[in-house]
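Welcome! Please take a look at the sequence and the structure, and keep both at hand for the exercises.

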Amino acid sequence: MRPHISTRNLARDMDCIRVALGEEKLNFLGYAYGSYVGAVYGTMFPERLDRSVLDSCVHPGWTWREQFVAQARAVRENVDRWAAWTARRDNHFALGTTASLTVAAVEGVAARLEDRLGASVRTSFDGIVGGLATDRSAWERLGLLVGALRDALAEGADERTAALLAEHATGGWGARASEQWKQSVLEAVTLETEWPTDLETYYADMRVCRERYPYGHGVLRAAPWVGAFRTFRSPEPPTVLARDGYPAGLVVQADGDPMDHREGGEALAERLGHHLILVEDSGEHEVYVLSGSNPRLEAYVEGYLVDGVLPPARVGVPGVRQAPPVPEDA
């Protein structure tokens with residue numbers, strides 16, 4: 001079935017649902033990969049799409065491999081933002097007065113963890129750093145953890161080190177059994193763009209990610225994917241996205257989204273002429289959640305979906321998870 005599971009065929013399935021419901025047009029709200037599905041549907045069936053909101057967007061100009069590798073860069077950008085925030089509060093964290101010194105403190109802990117407890121422990125720590133750095137509300141927690149691990153390692157307190165890591169563990173990389181069917185569909189869809197067949201290409205990129213983007217298991221974003229081993233070519237090329245015949249919609253994008261890089265949301269809004277709501281200083285993914293937690297964002301989205309009123313062409317709103325109120329150094 002894999003050659004036939006593609007975004008274009010999913011768009012055709014959506015149109016079959018529209019027909020079955022007896023609807024002349026669809027209104028569409030799509031998240032992450034769903035943002036791309038909505039954009040492809042509008043390109044293929046422009047006369048059948050009315051309002052559309054695309055949240056946490058796939059880049060319209062990237063292959064799926066480029067999309068994945070960009071995740072490693074996005075996580076590193078969040079780490080760098082955290083490091084700058086922490087450095088301005090060195091009286092509280094004592095990790096360094098500049099972002100580069102703070103990152104050096106993180107790397108020092110990582111190196112000592114590898115020396116004392118092995119490479120797999122360092123990998124777990126790198127994952128914790130990436131996971132906590134994307135969550136603004138966890139920034140103080142991450143700074144205190146790095147300091148506590150540094151002190152425990154200096155004292156040779158391996159049990160305390162292990163307990164600290166266990167307390168902050170972010171879980172593994174693989175899909176849970178209940179999500180494996182979704183993983184299978186994702187794998188099939190990503191085969192619609194080209195993948196290198198030379199494994200050395202992947203290994204070279206993995207080395208780059210290990211050096212530049214180790215946090216949040218960044219190296220796995222560059223690892224060989226099922227596309228490297230496929231035995232078929234896609235029956236049709238990917239859609240070249242365009243908006244020709246349906247109204248301008250909304251793109252919603254967090255500026256620190258670790259899964260769908262900010263560049264994707266900005267590029268998709270520009271490509272389609274959609275209005276852009278940028279959720280600022282936020283590492284959130286899939287940000288319009290109908291929970292009442294971000295009233296400004298929800299007012300813009302619902303004003304458009306319900307009443308057809310678009311916000312300004314580009315507008316910023318604050319994220320929900322804000323950094324803790326730790327004062328900056330005097």
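Below are some exercises, each with a worked solution.

Before you start, note that this is a predicted model, in which local features need pLDDT of at least 70 and side-chain atom pairs count only at pLDDT 80 or more, while totals for chains, interfaces and linings use all residues. Residues are numbered from 1 along each chain as its sequence is written, and side-chain values use heavy atoms, with hydrogens and water left out.

**Exercise 1. Two crossing helices**

Task: Describe how helix α1 and helix α2 meet.

Solution:
- Step 1. Helices (H or I, at least four residues) and strands (E, at least two) are DSSP runs, numbered from the N terminus. Helix α1 covers residues 7-21 and helix α2 covers residues 33-44.
- Step 2. Axes are lines fitted to C-alpha atoms, for helices over the stretch in contact, and angles run from 0 to 180 degrees between N-to-C directions. The axes of α1 and α2 come within 9 Å and cross at roughly 70°.
- Step 3. Angles under 35 degrees count as roughly parallel, over 145 as roughly antiparallel, 65 to 115 as roughly perpendicular and the rest as oblique. α1 and α2 are therefore roughly perpendicular to each other.
- Step 4. Contact means heavy atoms within 4.5 Å. From α1 the residues in contact include Leu10, Ala11 and Met14, and from α2 they include Tyr36, Val37 and Val40.
- Step 5. Sorted by class, this contact has 9 nonpolar, 1 polar and 4 charged residues. Here Ala, Val, Leu, Ile, Met, Phe, Trp, Tyr, Cys and Pro count as nonpolar, Asp, Glu, Lys and Arg as charged, and the others, Gly among them, as polar.

**Exercise 2. A second helix pair**

Task: At what angle do α3 and helix α6 pack, and which residues make the contact?

Solution:
- Step 1. The angle between α3 and α6 (residues 119-133) is about 75°, and their axes are 8 Å apart. That makes α3 roughly perpendicular to α6.
- Step 2. α3 brings Val75, Asn78, Val79 and Trp82 to the contact, and α6 brings Val129, Gly130 and Ala133.
- Step 3. The classes come to 5 nonpolar, 2 polar and no charged residues.

**Exercise 3. Aromatic rings**

Task: Classify the ring pair of Tyr33 and Trp64, and place both residues.

Solution:
- Step 1. Rings of Phe, Tyr and Trp (its six-membered ring) pair if their centres lie within 6.5 Å; planes under 30 degrees apart count as stacked, over 60 as edge-to-face and the rest as tilted. By this rule there are 10 aromatic pairs.
- Step 2. The ring centres of Tyr33 and Trp64 are 5.7 Å apart and the planes stand at 55°, so the pair is tilted.
- Step 3. Tyr33 lies in helix α2 and Trp64 in helix α3 (residues 64-87), so the pair ties together parts that are 31 residues apart in sequence.
- Step 4. Buried means under 20% relative accessible area, exposed over 50%, partly exposed in between (1.4 Å probe, protein chains only). Tyr33, at 22%, counts as partly exposed, whereas Trp64, at 6%, is buried.
- Step 5. Tyr33, Tyr36, Trp64, Phe68, Trp195 and Trp225 form one aromatic cluster.

**Exercise 4. Two threonines**

Task: Is Thr102 buried or exposed, and what does Thr102 touch?

Solution:
- Step 1. Thr102 lies in helix α5 (residues 99-117). With a relative accessible area of 0%, Thr102 is buried.
- Step 2. Not counting residues up to four places away in sequence, Thr102 touches Trp82, Ala83, Thr86, Ala87, Leu95 and Gly96.
- Step 3. Now turn to Thr86, which belongs to helix α3 and is buried at 1%. Neighbours within four places in sequence aside, Thr86 is in contact with Phe93, Leu95 and Thr102.

**Exercise 5. Positive phi**

Task: Where do Ser56 and Asp281 sit?

Solution:
- Step 1. Most residues other than glycine have a negative phi, and most peptide bonds are trans.
- Step 2. Ser56 is not a glycine, yet has a positive phi of about 65°. Ser56 sits in the loop between β2 (49-55) and α3 and is buried, at 0%.
- Step 3. Asp281, also not a glycine, has a positive phi of about 50°. Asp281 sits in the loop between β4 (275-280) and α12 (295-307) and is partly exposed, at 34%.
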